[in-house]
Amino acid sequence: MKRNLSQSRRPVLKSFGLVLLACSLLTGPGLSGVAFAVDSSPTPAPSPTSTAAQSQTAPSPAPALQGAPSTTPPAVPTASPAAPAPAPSPTGTNPAAPSTTKKLSRQELLAAGGAQMGQRSSRVARDTAIAAGSGLSTQSLSTEGTWNPTFGVLGLDVSKWQPSVDWQGEWNKGARFAYVKASEGTYYTNELFNSQYQGARNVGMIRGAYHFAHPSSTSGADQARFFVNNGGGWSADGYTLPPVLDIEYNPYDGNICYDMTPAQMTAWIADFGSTMRALTGRLPVIYSTTDWWATCTNNSAAFGDYPLWVAAYPMTPASSPGMLPASWSTYSIWQYSSTGPFAGDSNVWNGDFAALQRFAGSSAPTIQVPSQATQQIAAYAGSHPSLGSQTTAITCGLTSGGCYQGFQGGTVMWSSASGAFAVSAGPVTGAWQALGAERSPAGYPTSDLICGLKNNGCFQNFQGGSIMSSPATGAAFVPFGAIRDAWAAQGYENGPWGYPTSNATCGLRSGGCFQLFQAGSGLWSPSSGAHLVKSGPILDAWAKDGFENGLLGFPSTDATCTASDCTQLFTGGVIGWTSTAGAWPIYMGIGDTWKAARAKGEPIGFPLAKEVCGLRGGGCYQLFQGGSILFSPTSGAYSMTGRILNYWAQSGFENGQLGYPTGPASCGAVQSECWQSFEKGTVAYSAATPIQTVPAGPMAQAWKNLGASGGALGYPSSAQICGLKDGGCFQMFAKGALMYSPAAGAQPSLLGPIRDFWQKQGFENGALGYPASNVICGLVGAGCFQNYLGGTVMWSNASAAHAMSFGPVRDAWIASGFENGILGYPTSEQVCGLRNGGCFQNFVNGTVMYSPATGAQTMSSAPIRDKWATTGFEGGSLGYPTSGAICGLRNGGCFQNFEKGTIMWSAASGAQVMMPGPIQQSWAAQGFENGALAFPTNSQTCTADKLSCSQTFQGGTVSWTSAGGAKTRLN
């Protein structure tokens with residue numbers, strides 16, 4: 001028998017379950033089968049539903065019908081070991097071509113054993129070569145295959161070409177049934193038939209006979225009678241399998257169809273079958289291949305009530321023979337290997353052993369048909385007259401308690417969860433069979449076949465999803481889940497994804513799945529969701545990167561495109577494409593930086609190449625249309641464009657004076673001004689200033705603390721200059737300078753009156769030295785100040801800028817409340833060189849006087865200060881003040897002590913000097929200003945010889961003589 005030359009290109013199918021075509025043998029003569037007719041033309045109906053299972057429910061509303069079938073071939077990702085790709089076809093390798101060894105005549109072949117099953121199989125080609133060259137020999141088992149299907153019941157078929165079969169050994173390997181060649185045409189019988197037939201039975205196998213047809217030699221009826229007379233009979237003894245018609249490639253002269261037309265061939269097969277039924281009570285099993293059936297019967301659908309034995313040899317272990325011949329929706333036996341593991345050919349029964357016994361006609365218990373199945377199948381058939389007449393009884397025992405019944409126009413499948421719906425011959429049903437029919441993830445049908453979709457497409461819903469078909473794409477299963485949901489959200493086949501071109505494949509990295517569509521690949525993972533990678537440059541770039549196993553991982557968004565560019569995000573980066581630069585991956589950190597740069601409007605453009613690594617410290621870079629993105633493990637990834645990129649390149653790239661970038665560029669709207677941080681400094685420029693580097697460390701940090709380019713200093717206007725006093729440095733900026741010294745750190749010197757004053761003082765070489773703080777404004781009267789190593793410069797609009805040198809004078813001013821105190825802002829610098837090493841400084845509201853003996857004292861009372869001035873200041877009769885002015889006395893009075901006296905003041909008496917001596921003591925003894933004398937009204941006066949003195953007070957006079965002492969006379 002010939003094996004399928006070309007099977008479906010869909011993923012591996014699973015066994016069809018327990019659809020056992022012979023169940024009806026128990027209730028009547030003949031072998032039941034499943035027949036299919038060509039699809040009718042149903043009313044256009046909806047795209048696949050999104051319901052996991054339907055129970056006799058109507059499909060969704062119909063989509064708008066589209067035009068003619070598309071001629072655009074579906075795009076498929078480039079193959080890669082790590083890439084998602086459709087599961088390998090079980091028939092990826094065709095059976096071996098006919099042997100180039102000399103073709104034997106019929107007489108020569110008959111002498112060797114005649115024709116045998118699988119005329120184009122590798123074993124038959126080899127055996128023919130042996131017969132032509134060295135005569136018949138026992139078939140060696142050393143080259144036989146080693147795999148078996150994981151379902152069903154295993155068996156073998158043999159002929160004279162296997163003269164020494166070890167039946168016990170075959171049993172031990174798992175074979176439980178066997179077919180033996182009995183006859184060929186009307187001219188040959190197998191002389192080993194009886195011994196092989198009985199040998200199989202002796203070890204407990206169920207066995208049967210097959211006939212190799214030679215249709216052009218004699219009629220079908222004649223060959224049927226010849227077959228029955230030479231071992232092809234049947235009895236319902238439970239261990240005799242139904243007879244088999246082996247109808248396949250012509251091993252002799254003539255074409256592969258025995259020089260017969262399809263009409264002649266189908267008539268001959270029907271003649272053979274009806275004669276066999278009349279002689280044995282059973283229709284024969286038909287052994288053939290999908291390819292031969294299509295070629296020689298023109299895909300006849302008239303034999304669905306015959307059990308099918310299909311030949312197809314997958315290159316690797318599989319669970320399905322692939323596409324079946326046109327008459328059938330399922331098979332009874334699959335010949336899956338011609339080279340082992342069993343002698344002859346290796347086969348599998350599509351069901352369990354009890355079903356095989358029923359097939360052979362034993363008294364195994366019949367599976368009862370649920371009344372619900374009977375009612376619903378009958379109701380469905382009654383509402384679908386296109387199904388035609390029944391061809392089988394209802395057969396049950398399928399997965400989940402399901403049943404089926406064959407009709408001329410299809411097969412009605414039923415389960416309690418799905419209800420009754422028909423599957424009919426065509427691409428959709430073929431794809432469902434390839435999946436494993438009702439035992440597959442698709443499960444039972446939940447809708448009718450709906451056609452009239454876009455580009456002449458069709459679909460049918462199943463419990464696990466939908467099978468979509470179009471002439472351009474073939475049929476593919478779209479299971480319920482995230483990929484289907486994403487496809488549905490885009491408009492099913494009418495959306496940008498188009499029709500599916502493969503089944504879904506899962507088991508990818510991180511539990512992911514993929515499915516091919518006309519527009520590209522739909523990918524899903526639990527963390528990324530479902531997204532389409534469109535065929536074209538982005539898919540190609542992703543494929544080169546290793547699909548989902550590469551650094552990019554799964555897509556995390558759909559592609560976003562304009563007329564000239566596209567981007568698509570992935571879990572590990574992004575792919576950017578332009579028509580001029582092509583598509584390139586951008587990984588992780590660099591990808592995030594690129595997205596952020598584009599979001600900010602930076603002119604970075606699209607990638608020009610893949611990233612390049614191996615730089616200093618494990619760094620990487622990637623070129624873009626408008627610049628570069630640099631990455632290092634310590635600094636991160638940052639973009640560079642324009643003048644900064646050129647300046648950085650001229651400095652020696654990452655190995656030069658700047659090193660890696662450590663922050664993003666901060667630029668104006670039109671890139672006329674920018675600044676960016678690097679390992680060794682910050683680069684900045686503006687329209688008014690040249691590009692310069694602010695060195696990393698205190699200078700760059702101070703500039704950034706001040707607001708960088710948008711702060712108090714603005715952009716740098718010079719390079720840093722060092723070599724100043726005490727190891728200092730400075731750098732000029734648009735609005736001032738940054739000064740640095742090890743003692744003070746980096747501090748600004750802003751353009752304005754404070755800097756002007758400091759400049760007049762000699763900058764850092766003057767008494768103030770380096771600035772030690774920022775300029776701080778917002779003081780009373782809109783004032784400002786700045787600290788220096790040698791003091792403070794205070795400024796207000798009313799008082800101008802003046803220095804407050806560190807020392808007692810400044811301390812006294814601080815104690816008085818700074819500029820908010822009784823003195824206010826300074827109005828002069830500190831002046832020293834007074835008597836006894838004294839100093840003073842004037843303020844808006846007074847003066848601070850200092851001497852080493854008296855300390856620093858404030859003089860905040862104007863009348864007292866004026867009176868003190870009339871005495872000659874610190875060089876006069878009173879000397880330096882020894883206290884500040886003390887007010888709050890009687891009648892609002894004040895006083896202030898000096899080295900040589902006191903000045904008392906009240907509004908009524910004015911400021912008067914109280915010199916130490918008997919008059920002051922007498923006044924004090926009477927209660928000071930609170931006594932009867934109250935405040936003095938003039939200063940003490942004495943005679944020239946100093947022997948008598950007097951002083952008037954508000955309440956009287958105190959007189960003193962050397963002889964009489966002090967006398968008080970009250971008014």
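The following exchange asks how some descriptions of this predicted model are reached.

Reader: What should I know about the numbering and the model before I begin?
Author: Residues are numbered from 1 along each chain as its sequence is written. The model is predicted, with local features needing pLDDT of at least 70 and side-chain atom pairs pLDDT 80 or more, whereas totals for chains, interfaces and linings use all residues, and side-chain values use heavy atoms, without hydrogens and water.

Reader: What makes a stretch of this protein a helix or a strand, and how many are there of each?
Author: Helices are DSSP runs of H or I with at least four residues, and strands are runs of E with at least two, both numbered from the N terminus; the protein has 19 helices and 53 strands.

Reader: How do you know that β42 and β43 pair?
Author: Two strands pair if DSSP finds at least two bridges between them, and 2 bridges join β42 to β43 (residues 839–843), the two running antiparallel, so the definition is met. Cys832 stands opposite Cys839 in β43.

Reader: Why is the sheet that holds these strands called open?
Author: Its 4 strands follow the order β42-β43-β44-β45 with antiparallel pairing. Because β42 (831–832) and β45 (855–859) each have a single partner strand, one side of each is left without a neighbour in the sheet.

Reader: Which residues of α5 are called buried, and what do they pack against?
Author: Buried means under 20% relative accessible area (exposed is over 50%, partly exposed in between; 1.4 Å probe, protein chains only), and in α5 (residues 220–229) this holds for Gly220, Ala221, Gln223, Ala224, Phe226 and Phe227. These buried residues pack against elements including β4 (206–212) and α6 (262–280), where contact means heavy atoms within 4.5 Å.
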